[in-house]
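Visitor: I am new to reading protein models, and I would like to be taken through this one step by step. Could you show it to me before we begin?

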Amino acid sequence: MKRASFLVAALTAAILTLGSQAQANIPSGSLDAIDLLPGQSALWQALDAIAMPEGLTADEVWLSIDLRNRRVRVLRGEHEIKRIEHLAFGAGGAAPLRAKGSSMTPLGEFRVDRINRASRFGLFFGFDYPNAQVAEEALQSGKITLQEYWYIDDYRRRHGRAPHTTSLGGLIGIHGLGRGDPDIHRSFDWTEGCVAVSNEEIRALDPWLRIGTRVVIKG
């Protein structure tokens, strides 16, 4: 907490030194516009770094999915490699624990556990939802039975990926549109719980995502 407070204070001071010229280029109420100012990307990457995942190494490539700001970012440690400025997610919204058939996108930290290059959505990177942490929280909150909890644990150990037949659902990931309508994609949250980007954008993620890649989804 002390380190985070120090970073916030230091970065706030740095922002104030940008002066009136920078302020004149920032539309009122728009944080995204600050990203576009020359020389400011490193500053805002540092702000993002306050919320970096625990145990992150400097050379680890990981995927950040920000539902609220509709932004997908590939990062190596705290350094941004690639950014996508629009996404669609579950038609049912988002929550840390979802139920099968709810069309909700799960929030939390996951890993890529499957890659389907023959998906009807063009390219699909699956996440390990429900993972061990999700299963434990679901058991404690009464959303799954003890039998389902042990099934999830056993399935993950035997197959190396998450099951999708429990009451928590599954087969959650990030994918393209396939033959879907780009206009619908730009206008609505239309998926059954996955994160969707354009076909071109999902292909641009392909060089960076592997089995085991860390994925953080926040709302």
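Guide: What follows is a set of questions and answers about this predicted model.

Visitor: How many helices and strands are there in the protein?

Guide: The chain has 219 residues, of which 41% count as buried. Among the contacts with a separation of 6 or more, 59% are between residues 24 or more positions apart. As for the elements themselves, the protein has eight helices and 10 strands.

Visitor: Which residues of helix H6 are buried, and why can they be said to line one face?

Guide: Helix H6 covers residues 146–159 and reaches 20 Å from its first C-alpha to its last, close to the 20 Å expected at 1.5 Å a residue. Seen down the axis of H6, the buried residues fall within an arc of 135°, so they line one face of the helix. On the other side of H6, by contrast, Gln147, Arg157 and Arg158 are exposed. The buried residues that make up the face are Glu148, Tyr149, Ile152 and Tyr155.

Visitor: Against which helix do the buried residues of H6 pack?

Guide: The partner is a helix that spans residues 132–140 and includes Glu137. Glu137 counts as partly exposed, because its relative accessibility is 32%, and the cut-offs for that class are 20% and 50%. The helix against which the buried residues of H6 pack is H5.

Visitor: Which residue of H6 meets Arg158 in a salt bridge?

Guide: The two partners both lie in helix H6, four residues apart, about one turn of the helix. An α-helix has 3.6 residues a turn, so residues three or four places apart point the same way. Arg158 counts as exposed at 51% relative accessibility, whereas its partner, at 25%, counts as partly exposed. The side chains meet at 2.6 Å, N to O, and the partner of Arg158 is Asp154.

Visitor: How are the rings of Phe110 and Tyr129 arranged, and why?

Guide: Phe110 lies in strand S6 and Tyr129 in the loop between strand S7 and H5, so the pair ties together parts that are 19 residues apart in sequence. Both Phe110 and Tyr129 are buried. The ring centres are 6.0 Å apart and the planes stand at 70°, which is over the 60 degrees that the class requires, so the pair is edge-to-face.

Visitor: What is the arrangement of the rings of Phe121 and Trp190?

Guide: Phe121 lies in the loop between S6 and S7 and Trp190 in the loop between helix H7 and strand S9, so this pair ties together parts that are 69 residues apart in sequence. Phe121 is buried, with a relative accessible area of 16%, while Trp190 is partly exposed, with 27%. The ring centres lie 6.2 Å apart and the planes are at 45°, so the pair is tilted.

Visitor: Which residue forms a salt bridge with Arg111?

Guide: The structure holds 15 salt bridges, and the one made by Arg111 has its closest N and O atoms 3.8 Å apart. This pair links distant parts of the chain, with Arg111 in strand S6 and its partner in the loop between helix H4 and strand S1, 51 residues apart. Arg111 is partly exposed, with a relative accessible area of 33%, whereas the partner is buried, with 14%. The residue that forms the salt bridge with Arg111 is Glu60.

Definitions and conventions:
Residues are numbered from 1 along each chain as its sequence is written. This is a predicted model: local features need pLDDT of at least 70, side-chain atom pairs count only at pLDDT 80 or more; totals for chains, interfaces and linings use all residues. Side-chain values use heavy atoms; hydrogens and water are left out. Helices (H or I, at least four residues) and strands (E, at least two) are DSSP runs, numbered from the N terminus. Buried means under 20% relative accessible area, exposed over 50%, partly exposed in between (1.4 Å probe, protein chains only). Contact means heavy atoms within 4.5 Å. The expected span of a helix is 1.5 Å times one less than its number of residues. The arc is that of the directions from the helix axis to the C-beta atoms. Rings of Phe, Tyr and Trp (its six-membered ring) pair if their centres lie within 6.5 Å; planes under 30 degrees apart count as stacked, over 60 as edge-to-face and the rest as tilted. A salt bridge is a side-chain nitrogen of Lys or Arg within 4 Å of a carboxyl oxygen of Asp or Glu.
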